[in-house]
Amino acid sequence: MFQKILIANRGEIALRVIRACREMGIGSVAVHSTADADAMHVRMADESVCIGPPPSPDSYLSVPAIISACEITGAEAIHPGYGFLSENANFVQIVEDHGLTFIGPTAEHIRIMGDKITAKDTVKALGVPCVPGSAGGVADVAEAKQVGAEIGYPVIIKATAGGGGRGMKLAKSEDELENAFRTARSEAKAAFGNDEVYIEKYLGKPRHIEIQVFGDGKGRAVHLGERDCSLQRRHQKVLEEAPGPAITPEMRAEIGRTSAEAVAKIGYSGAGTIEYLFENGEFYFIEMNTRLQVEHPVTEAVYGVDLVREQIRVAAGLPMEFQQDDLVPNGHSIEVRINAEKLPNFSPSPGRISQYHAPGGLGVRMDSALYDGYRIPPYYDSLIGKLIVHGRDRPEALARLRRALGEIIVDGVDTTIPLFRALLEEEDVLTGDYTIHWLEKWLAENLG
């Protein structure tokens, strides 16, 4: 087992990894920018190293600085968290070239799944259901029109190197296709330095369902059920829950088995998530995230496992602590992502926290790096906390979420907490009757 792990991240996810290390008796190293010198992950780690000024490219995305921090502290392994360098295949290769262990999948698997077309081709060959669409990248408008005619409108154009909704445009008819195609390519080029796009059939009322998988890198893999992440704004998840309200045990077993078998066949190592659109009882592959997800705590609550601990164990060459038959879902869990943003426009709201009180009680977990007097810097993602609840069933989880949202105090900055209090008054949310388009429509009607 490792003696010391460096966490190449910040905020609540860095704290999450530090806690797992502490329980396992492993030393932890925090890295930080000058803007994060007083951050909680720096205070909680056994050691800390400043790796640069506030801008991410000069600190949290600086590979030389992170490798140097390992050499200075003697850390043997790097946990990337999520975001930043967590899905950067070149970074993984550099880590391994320096004799260090990357706590996650191989560079090859990250590279395969990082390209949307390659990922789709790979999983399709492994028996994973995919959305009808182009066979690969679409070169020009003429080819785009040919694909549109073959699969039928509406269609969605997506950047092959995309993510977060960038480089993604909808065309409801051939008349809209040319403008959507050119706009998507332009956005893709600006965001990712790669203007290649592909086309898929646009599903009208799908849910966003993702399957948590875990592999040992030696040909064995399991699934830990699904999470429903359908409440989204601009393709960004807002609320996640497990199990999915629309998924039956039979559906879960089938798509879980398919997903686990796929990653087992490629020898995948560590945690991963296969994301699907779900409509009319059918699953369609979107992408695979080769890392820990922001919403992993709901799976931990329902299955009673520590996914970070398991990531560390497998990276150290130890066998997984569970088999598929051990993984039986228990109860229901919901997570809401709390951002430092001002409603109704969701504009960033950095600043000093004058008062912070975390909710507690049975079935309530708060993952956050906030504390009284902490100053939220303006340089990074606006996520400041994740409130996770667990109950015997969905109604009990919702009741605990309502209670916890009434207890939490975050003063000094604007947050999205009022949004969740309002959503819990909506019948569709209480019954779980929503699709990926529901929240955008609700926001336009209620906050627009």
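This is a short tour of one protein chain, stop by stop, in your viewer. The model is predicted.

**Stop 1: the parallel sheet**

Start with the strands near the beginning of the chain. Select strand 1, residues 4-7. Then add strand 2, residues 27-33. These two run parallel, and four bridges join them. Zoom in on Ile-5: its bridge partner in strand 2 is Ser-28.

Now show the whole sheet. Five strands make up this open, parallel sheet. Read across it and the order is 3-2-1-4-5. Which strands stand at the edges? They are strand 3 (47-52) and strand 5 (101-102). Each has a single partner strand, so one side of each has no neighbour in the sheet.

**Stop 2: helices on the sheet**

Select residues 11-24, which are helix 1. Helix 1 lies across strand 1, strand 2 and strand 4 (77-79). Its direction makes an angle of about 170° with strand 1.

Next, select helix 3, residues 63-73. Colour its buried residues: Val-63, Ala-65, Ile-66, Ile-67, Ala-69, Cys-70 and Thr-73. In an α-helix, residues three or four places apart point the same way, because there are 3.6 residues a turn. What do the buried residues of helix 3 pack against? Their partners are strands 1, 2, 3 and 4, together with helix 4 (89-97). Step past the end of helix 3 to Gly-74. Gly-74 has a positive phi, near 80°.

**Stop 3: a buried threonine**

Jump to Thr-290. Look for it in the loop between strand 13 (282-289) and helix 10 (296-303). Is Thr-290 buried or exposed? Its relative accessibility is 2%, so Thr-290 counts as buried. Show what surrounds it. Leaving out residues up to four places away in sequence, Thr-290 touches Ser-86, Glu-87, Pro-105, His-109, Ile-110, Met-113, Tyr-268 and Ala-271.

**Stop 4: the largest cavity**

Now look for empty space inside the model. How many cavities of 30 Å³ or more are there? The count is two. The largest has a volume of about 50 Å³. It is lined by 13 residues. Select the ones closest to its centre: Pro-80, Ile-103, Arg-291, Leu-292 and Gln-311. The lining of the largest cavity is mixed: six residues are nonpolar, six are polar and one is charged.

**Stop 5: the second largest cavity**

Move on to the second largest cavity, with about 40 Å³ of space. Select its lining: Leu-239, Glu-241, Ile-334, Arg-394, Leu-398, Leu-401, Leu-424, Val-429 and Tyr-434. Two elements give two or more residues each: strand 11 (236-242) and helix 12 (394-407). Helix 12 has the largest share, with three residues. By class, the lining has seven nonpolar and two charged residues, and no polar ones.

**Stop 6: strand 11 and its partners**

Finish on strand 11. Six of its seven residues are buried. On to its pairing with strand 10, residues 221-233. These strands run antiparallel and share four bridges. Leu-231 stands opposite Leu-239 here. Strands 10 and 11 form a hairpin with two residues between them. In the turn, find Arg-234, which has a positive phi of about 50°.

Then select strand 14, residues 332-339. Strand 14 also pairs with strand 11 in the antiparallel sense, over four bridges. Here Glu-241 has Ile-334 as its bridge partner. Glu-241 and Ile-334 both appear in the lining of the second largest cavity.

Key. Residues numbered from 1 in each chain as written. Predicted model: local features only at pLDDT ≥ 70, side-chain atom pairs only at ≥ 80, totals over all residues. Heavy atoms only, no water. Pairing = 2+ DSSP bridges. Contact = heavy atoms within 4.5 Å. Axes fitted to C-alpha atoms, helices over the stretch in contact; angles between N-to-C directions. Buried < 20%, exposed > 50% of the residue type's maximum accessible area, 1.4 Å probe, protein only. 1 Å grid on protein atoms, 1.4 Å probe; cavity = no way out; pocket = protein on both sides within 12 Å on 5 of 7 lines; lining within 4 Å. Points joined across faces, edges and corners; volume = space filled by probe spheres on them. Nonpolar A, V, L, I, M, F, W, Y, C, P; charged D, E, K, R; others polar.
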